Amino acid sequence: MDAQYGDKRIGVYPGSFDPLTNGHLDIIRRASKLFDHLIVAVLVNTSKKNAIFTMEERVALIRKCTDQMPNVEVQMFDGLLVDFVKAHQAVAIVKGLRAVSDYEYELQMAALNKHIDKDVETIFLMADIQNSFLSSSIVKELARHGGDIRGLVPGEIVDDIEAKMLYKG
Ligand code: PNS
């Protein structure tokens, strides 16, 4: 066992979080109740080339929104998710599912991760119906055109996102 975590049951919630949305935060809150300790892992998704925030910025935004959650930790990692999971001796990966359209991709990822390491389990939480349309891409699109992103992302980071979109144009 990793001495840092003792015999805690650790869950890993991975994603690109560019940026964190209320949908992500809802999953973090709910998953934090299922595990002794939850690690939110900011990872590289190679299929998403147009990141707005750096990995460090994404970590900082998530920390800002989770600092009141004592069993939630945020880390970044540039590598395979299963390696991160094994390094932290986590018992499961947590993913959120919004709609049927998420299922195919997530099934593929879960199966691939299980193929790489048969001990790695993936647990799916159904997104709150209110968040079923919400994604980081939609938030960025809205902010880019001067739309109101309040209510879609945590209040603490609205200004950070708007400032970044102004800067990026
Ligand atoms: O929020 P996203 O973009 O849907 O999250 C996808 C993510 C980052 C979890 C996925 O791309 C990932 O696990 N990246 C790390 C590299 C990896 O393990 N890829 C899958 C096996 S090739």
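Which residues does Leu38 touch, not counting residues up to four places away in sequence? Select Leu38 in this predicted model and display what surrounds it: with those sequence neighbours set aside, Leu38 touches Gly11, Val12, Tyr13, Ile28, Ala31, Ser32, Asn71, Val72 and Glu73.

**The largest nonpolar core**

Keep Leu38 highlighted and add Tyr13, Leu20, Ile28, Val40, Ile62 and Ile161, since these seven residues, Leu38 included, touch the most other members of the largest nonpolar core, which holds 34 residues. Then colour the elements that each supply at least two residues of this core, namely helix 1 (22-32), strand 2 (37-43), helix 2 (55-66), strand 3 (72-77), strand 4 (92-97), helix 5 (136-144) and helix 6 (158-168). Helix 2 gives the most to this core, with five residues. Apart from this core lies another one, of 13 residues, and it can be located by selecting Val12, Ile39, Ala41 and Ile93, which are among its members. As general background, nonpolar side chains tend to be buried together in soluble globular proteins.

**The whole chain**

Now zoom out and switch to a cartoon, in which six helices and five strands can be followed along the protein chain. Read from the N terminus on, the elements run β-α-β-α-β-α-β-α-β-α-α. The radius of gyration is 16 Å, close to the 15 Å that the globule rule gives for 169 residues, so the chain is as compact as a globular protein of that length. Along the principal axes, the C-alpha atoms fill a box of roughly 45 × 35 × 30 Å.

If contacts are drawn for the chain, taking those with a separation of 6 or more, 75% of them are between residues 24 or more positions apart. Buried residues make up 47% of the 169 residues. On a surface view, the accessible surface comes to about 9,500 Å², and 54% of this area belongs to carbon and sulfur atoms. Colouring by charge brings up 20 positive and 24 negative side chains, with the centres of the two sets 2 Å apart.

**Asp160 in helix 6**

Next, select Asp160, which is found in helix 6. Asp160 counts as partly exposed because its relative accessibility is 28%. Leaving aside neighbours within four places in sequence, Asp160 is in contact with Phe53, Leu61 and Lys64. A distance label between the C-alpha atoms of Asp160 and Glu57 should read 9.7 Å, although these two residues are 103 residues apart along the chain.

**Backbone details in two loops**

Most residues other than glycine have a negative phi, and most peptide bonds are trans; the remaining stops concern departures from that pattern.

Move to the loop between strand 1 (10-15) and helix 1, where Pro19 has its place. A cis peptide bond joins Asp18 and Pro19, with omega at about 5 degrees. Phe17 is found in the loop between strand 1 and helix 1 as well, and Phe17 has a positive phi of about 50 degrees although it is not a glycine. With a relative accessible area of 2%, Phe17 is buried.

Finally, select Gln89, which lies in the loop between helix 3 (81-87) and strand 4. Gln89 too is not a glycine, yet has a positive phi of about 50 degrees. Is Gln89 buried or partly exposed? Its relative accessibility is 37%, so Gln89 counts as partly exposed.

Key
Residues are numbered from 1 along each chain as its sequence is written. This is a predicted model: local features need pLDDT of at least 70, side-chain atom pairs count only at pLDDT 80 or more; totals for chains, interfaces and linings use all residues. Side-chain values use heavy atoms; hydrogens and water are left out. A nonpolar core is a set of buried Ala, Val, Leu, Ile, Met, Phe, Trp, Tyr and Cys residues joined through side-chain atoms within 4.5 Å. Buried means under 20% relative accessible area, exposed over 50%, partly exposed in between (1.4 Å probe, protein chains only). Helices (H or I, at least four residues) and strands (E, at least two) are DSSP runs, numbered from the N terminus. Contact means heavy atoms within 4.5 Å. The radius of gyration is taken over C-alpha atoms; the globule rule is 2.2 Å times the number of residues to the power 0.38. Accessible areas come from the Shrake-Rupley method with a 1.4 Å probe; for residues, only the protein chains shown count as cover. Lys and Arg count as positive and Asp and Glu as negative; His and the chain ends are not counted. The place of a charge is taken as NZ of Lys, CZ of Arg, CG of Asp or CD of Glu.
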